[in-house]
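Dear colleague,

I am passing on the structure we spoke about, with my notes placed after it. Please read them with the coordinates open.

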Amino acid sequence: MRPITTQTLFSLQFSGDPQFSPDGQSIVYVKTTINQEENKYQSQICKYDRKTGRDIPFTQGLAQDKLPKFSQDGSYLAFVSTRSGTPQLFVMLTDGGEPKQLTFFKKGVKSYSWMPNNQLVVAARKDDANEKSDVRVVNTLRYRGNGYGFYGDEPIHLWLVQVDGSGPQQITDGNFDETDPTVSPDGKKIAFVSWREENQVEVTPSLYTVDLDTGLIDLTYQGKGSVSHPVYSPNGKWIAFFGHEHGEDSGYNTELWVVSTGSGEARSLSRSLDRPVGNQVGTDARYETAEVSPIWDMDSQKIYFTATHEGDVYVYSVTLDEKIQKETPGDTQVVTSFSYHSGVIAYAKETPASPAELYLQQNKEIQQITYHNTPLFKSLTVSVPERTKFQARDGLEINGWLLKPPGFSSDQRYPLVLEIHGGPHSSYGNTFLHEFQVLANSGYIVLYTNPRGSHGYGEAFVRGSIGDWGGKDYEDLIDAVDAVARLPYVDRNNLFVTGGSYGGYMTNWMVAHTHIFKAAVTQRSICNLHSMIGTSDIGFWFNVKELDGADIWEDEEFILSRSPIRYANRVQTPVKIIHSEEDFRCPMEQAEQWFTALKRLGVETELVRFPNENHDLSRNGQPEHRVERLDHIVGWFNQYLGNKE
Ligand SMILES: CSCC[C@H](NC=O)C(=O)N[C@@H](CO)C(=O)O
């Protein structure tokens with residue numbers, strides 16, 4: 001057996017986005033591997049035949065092929081591929097042959113949907129006619145996005161394209177983005193998500209429908225918060241979508257809604273679940289390319305969707321009369337994508353011991369159908385986490401996990417690393433976490449918890465950090481460390497801490513408020529909530545909401561009182577700062593401020609700057625950079641490990 005190391009990353013494989021063929025006999029899915037020589041990810045579409053059990057590659061090449069969708073008669077498979085540079089729409093016959101490129105948008109395709117008559121509707125940004133100079137003239141608040149870069153002047157619109165390659169024909173226009181097209185069963189209408197208001201500070205998209213005969217656009221559902229992933233019911237009477245009614249705010253449960261295409265009446269079907277739809281569990285060992293939308297049963301009475309529950313992600317179903325059922329059994333799973341066909345669910349599932357593999361479920365029987373990671377994992381010392389619970393000072397139950405080194409013995413003492421997730425409304429859960437496995441395999445016990453503010457424990461819990469960053473969330477974390485440090489096998493003289501984004505904020509906050517940690521690594525972090533409002537791509541709404549409306553003009557004192565930079569002169573713990581130079585979410589200036597402050601104050605510190613990387617370095621950065629990032633984390637902790645005070 002071999003330990004899991006930073007280099008293990010190159011051998012991981014990620015399966016996802018299963019899609020049934022219209023006859024239900026085969027499933028296509030996306031398999032992503034890492035090409036170490038090229039330092040790139042490679043995704044190909046594979047096809048699994050349910051009768052023969054044969055699993056074959058369907059597309060070839062070194063590019064990233066994703067979002068496979070069968071045409072309604074099953075004769076074509078469309079997908080988005082980077083094989084010509086940017087992500088463009090391709091189509092191929094399902095019995096083989098060469099893929100044909102259908103779109104040539106300069107900035108690529110965002111989303112698409114099949115029409116009944118072998119046409120497709122595509123959401124894409126029009127090519128920028130004004131790109132004469134490399135100077136950027138900015139007029140809007142939302143001019144750049146982490147991981148995307150600068151948006152340019154042209155908004156996203158809908159276009160019709162034909163499988164024979166003719167088109168694209170533009171079908172919507174105006175100075176606003178229009179995405180997520182869904183086509184009515186008769187092919188006459190397209191519903192889509194758009195934000196058509198002038199207000200750029202807080203965007204609350206709505207659902208619109210365009211009539212393809214008349215070109216007229218109707219407002220189908222007036223959004224009051226988030227609206228995404230609309231899907232027509234097979235009988236055309238409803239559109240299901242994901243949304244909430246609380247403005248632009250990630251600290252609420254996004255729910256499954258339906259709107260009647262006749263009366264316009266809209267309601268949430270999943271409110272009583274009190275859980276957010278989709279996957280809110282983070283990991284650094286995922287390459288899921290799917291856009292997971294609600295899926296209707298053929299009778300138009302039931303909808304399938306995923307939701308996050310206490311660190312697990314399951315497939316659920318809900319009827320139009322709001323009867324909710326958990327569909328995937330077990331309690332240690334993170335379903336990252338799924339497809340449904342006549343009583344059978346195909347899904348991609350991660351577990352604490354493996355990245356995503358595909359499963360089929362029929363009549364409560366589960367069959368694993370891909371084993372891409374199995375040979376590798378049989379030769380590795382994988383540690384399996386233990387679930388644990390803590391009681392917060394106010395009695396709230398806080399969930400967590402302990403990941404122990406392989407070969408753990410309770411007679412020995414082990415150093416401990418506290419890992420803090422970001423968001424703050426993300427969560428940890430029952431998934432495979434490469435960084436944590438590397439630390440456990442390096443001899444550390446890893447403690448990770450879901451303090452208040454995490455998703456998956458109900459709306460009251462997720463709102464527990466609003467207006468209180470560095471307050472009770474900090475206590476939840478520090479009390480968990482305190483409880484675990486009392487265990488006889490934990491070396492309380494060797495406690496370490498790390499986290500990313502809001503987890504990096506909390507790491508900075510911790511070293512400024514306690515001296516219990518031997519060393520810290522702060523990643524894609526925040527130290528100044530005041531400057532953040534103006535420099536993050538989402539700061540002007542996100543940070544203001546997170547501090548319960550506190551803004552720079554009226555509440556400067558409060559904002560700074562919740563900013564680690566104010567307490568930098570209390571820090572004694574050695575801190576390594578890891579940051580990506582193209583991070584638009586928690587901009588580089590945050591790391592620079594923290595580094596400069598700590599250096600001026602004589603704290604042992606080091607700044608590691610990753611060029612050509614954004615906020616998602618740990619998840620989809622260049623593979624070599626990801627390995628280097630992990631080496632920096634383990635190396636820093638190892639450097640301070642020992643008995644010296
Ligand atoms: C402007 S502060 C943003 C913090 C960020 N939240 C939303 O984007 C965050 O903590 N992100 C987490 C979870 O995605 C991360 O790990 O990057």
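**Core, sheet and ligand shell**

The largest nonpolar core holds 152 residues, and the members that touch the most others within it are Leu89, Val122, Ile239, Ala240, Leu416, Val446 and Leu447. Helix H5 (residues 502-513) supplies the largest share of this core, with 7 residues. Please keep in mind throughout that this is a predicted model.

To look at one of these core residues in more detail, Leu89 has contacts, once its neighbours within four places in sequence are left aside, with Ala78, Val80, Leu102, Thr103, Val109, Tyr112, Leu120, Val122 and Val161. Val122 thus appears both among the contacts of Leu89 and among the core residues that touch the most other members.

Turning to the strands, there is an open sheet of 4 strands, ordered E20-E21-E22-E23 and paired in the antiparallel sense. Its edges are formed by strand E20 (226-232) and strand E23 (266-268), each of which pairs on one side only, and neighbouring strands are turned against each other by 25° on average, with direction ignored. Between strand E22 (residues 255-260) and E23 the antiparallel pairing runs over 3 bridges, and Val258 stands opposite Arg267 in E23.

The ligand, finally, is surrounded by 18 residues, of which Gly422, Ser426, Ser501, Tyr502 and Ser536 are the closest. By character, this shell comprises 10 polar, 6 nonpolar and 2 charged residues, and helix H7 (residues 539-546) gives the most to it, with 3 residues.

With best regards

Notes. Residues are numbered from 1 along each chain as its sequence is written. This is a predicted model: local features need pLDDT of at least 70, side-chain atom pairs count only at pLDDT 80 or more; totals for chains, interfaces and linings use all residues. A nonpolar core is a set of buried Ala, Val, Leu, Ile, Met, Phe, Trp, Tyr and Cys residues joined through C-beta atoms within 7 Å. A residue is buried if 20 or more other C-beta atoms lie within 10 Å of its own, exposed if 12 or fewer, and partly exposed in between; C-beta atoms are placed from the backbone. Helices (H or I, at least four residues) and strands (E, at least two) are DSSP runs, numbered from the N terminus. Two residues are in contact if their C-beta atoms, placed from the backbone, lie within 7 Å. Two strands pair if DSSP finds at least two bridges between them. Axes are lines fitted to C-alpha atoms, for helices over the stretch in contact, and angles run from 0 to 180 degrees between N-to-C directions. A residue is near a molecule or strand if its C-beta atom, placed from the backbone, lies within 6 Å of it. Ala, Val, Leu, Ile, Met, Phe, Trp, Tyr, Cys and Pro count as nonpolar, Asp, Glu, Lys and Arg as charged, and the others, Gly among them, as polar.
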